[in-house]
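Biologist: Please take a close look at one part of this protein, the aromatic side chains, and then place that part in the rest of the fold.

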Amino acid sequence: MFDVLEFRKEFPILSKKVNSKPLVYLDNGASSQKPRSVIDTVKNCYENEYSNVHRGLHFLSNLATEKFEAVRDKVMKFLGASYHEEIIFTSGSTEALNLISYAWAIQNLEPGDEIILTTLEHHANIVPWHFLRSRKDVKLTWIDPDENGQISFDMINKKISSRTKMVCMTHMSNVFGSIIDVKKICQDLKKRGIVSVLDGSQAIVHLEVDVKSIGCDFYTFTGHKLFGPTGTGVLYVNKRRIAEMIPFIGGGEMIKDVSKDEVTYNESPFLFEAGTPGIAEIIGLGAAIDFVQSLDRKLVLDYEKLISEYARTELEKLDWLARHCFHKDNLAIFSFSMKGNAHAHDIATILDSNGVAVRSGHHCAQPLMNFIGEPATCRASLALYNTEQEIDILIDSLKKCKKLFG
Ligand SMILES: *Cc1c(COP(=O)(O)O)cnc(C)c1O
């Protein structure tokens, strides 16, 4: 059995009190807390192993470079990728998704070409495509999820035309917790020569991801949701796409030679990593991946399913709550609002006074909010360190809201 109480001790912040109540942290969809091993690794880097990377010939520069590049190797294996050049470090999913738009799509799409997006997407997987539309006159085609928050290949299939060049979609909804069967979708897209972009920001936290077995062209995730430092992210690019990419941000590191008239370029991944990266942070991301891999992920997923099931059942008992897309297969993320007067922000404020941290707002998914007809919802998002007892506190706090707002 997964011993959650023992496990929580790895996360120093979880024993904090807020508003003189024990912290109940249910905002993991926005960012997760960090285990001691990640905090210690970042601290150790600055205390003992810090220098800029890839440049100096001195001892510390070599050491930092070695540690930094070891993380690339780790990420490659973690994702089931095959080559170092397929792993590009970014500041997060947002930068990674923009990179796809500026480095690949702008070069390979023509005016009139079509990109399929889903209504589930986070703004980070929408706005870069709006940019592309205004620069290249491509067309954006949208697919709404079904009542369970699902997108199937058949739904995508109906929207594919001879001009469809890309499908950009999330692997797991950050509002509903629905998990999309991306493997089937990507394999069908591959047969038709349509490029697949997967936003794995939420999925990577809960599922074992193997990009080779999924067969996607691009996969992104963000380190701070995976128990790692902020300012870290990863873009996986399948090797077959690398030669089709052009550099996006220019500067140091991404070049071979620069003269007043000419630039010759470095190769991937360095071509796409101009400037000094988040060195200590990336090294901390390595510790986060070690941390995740040290767990029995099947056992952890079983635990997450158990506690999600508990949360869903308890929330369903509150019949005055509007529950958005609660399906038994959706994991860890619950969006709800109160029928009647209370705004999502009012609920979140009352919950906070009880020590319960949830997110309220549009969750960077305004097209989805429009789709469900709510300007904002409350979102409780669980991680592997949450307990049934914490869910009980959430439920009691929601009952207080009901008393206050009627
Ligand atoms: C959080 C999130 C992002 C953006 O991640 P950043 O770390 O803010 O760049 C993108 N997509 C999804 C689904 C997310 O949950």
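**Aromatic pairs and their setting**

Modeller: Phenylalanine 326 and phenylalanine 334 are both buried. This is a predicted model, and the values that follow are computed from it. The rings of phenylalanine 326 and phenylalanine 334 form an edge-to-face aromatic pair, with 5.4 Å from centre to centre and 65° between the planes.

That pair belongs to a set of 15 aromatic pairs in the structure. Another of them joins phenylalanine 11 to phenylalanine 227, again edge-to-face, at 6.0 Å centre to centre and with 70° between the planes. This pair links distant parts of the chain, 216 residues apart. Phenylalanine 11 sits in the loop between helix H1 (4-8) and strand E1 (17-18), while phenylalanine 227 sits in the loop between strand E9 (218-222) and strand E10 (233-237). Phenylalanine 11 has a relative accessible area of 2%, so it counts as buried. Phenylalanine 227 is also buried, at 2% relative accessibility.

Phe11 and Phe227 are part of a cluster connected by ring pairs, whose members are Phe2, Phe7, Phe11, Phe227, Phe291, Tyr303 and Tyr385. A further aromatic ring has a charged neighbour: lysine 239 lies over the face of tyrosine 83, at 4.7 Å from the ring centre.

The domain assignment gives the wider setting. Domain 1 covers 4-30 + 296-405, and domain 2 covers 39-293. Their C-alpha centres lie 28 Å apart. The contact between domain 1 and domain 2 takes 32 residues from domain 1 and 32 residues from domain 2.

Strands E9 and E10, which flank the loop of phenylalanine 227, belong to an open sheet of 7 strands. The order is E4-E10-E9-E8-E7-E5-E6, with mixed pairing. Strand E4 (87-90) and strand E6 (139-143) stand at the edges; each has a single partner strand, so one side of each has no neighbour in the sheet. From one strand to the next, the twist averages 20°.

Within this sheet, strand E5 (residues 114-118) and strand E7 (residues 164-170) pair in the parallel sense over 4 bridges. Leucine 117 has cysteine 168 in E7 as its bridge partner. Helix H4 (residues 93-108) packs on the sheet and touches E4, E7, strand E8 (195-199), E9 and E10. The direction of helix H4 makes about 155° with that of E9.

Key:
Residues numbered from 1 in each chain as written. Predicted model: local features only at pLDDT ≥ 70, side-chain atom pairs only at ≥ 80, totals over all residues. Heavy atoms only, no water. Phe/Tyr/Trp six-rings, centres within 6.5 Å; stacked < 30°, edge-to-face > 60°. Helix = DSSP H or I, 4+ residues; strand = E, 2+ residues; numbered from the N terminus. Buried < 20%, exposed > 50% of the residue type's maximum accessible area, 1.4 Å probe, protein only. Lys NZ or Arg CZ within 6 Å of the ring centre and 35° of its normal. Pairing = 2+ DSSP bridges. Axes fitted to C-alpha atoms, helices over the stretch in contact; angles between N-to-C directions. Contact = heavy atoms within 4.5 Å. Domains from an automatic or database assignment.
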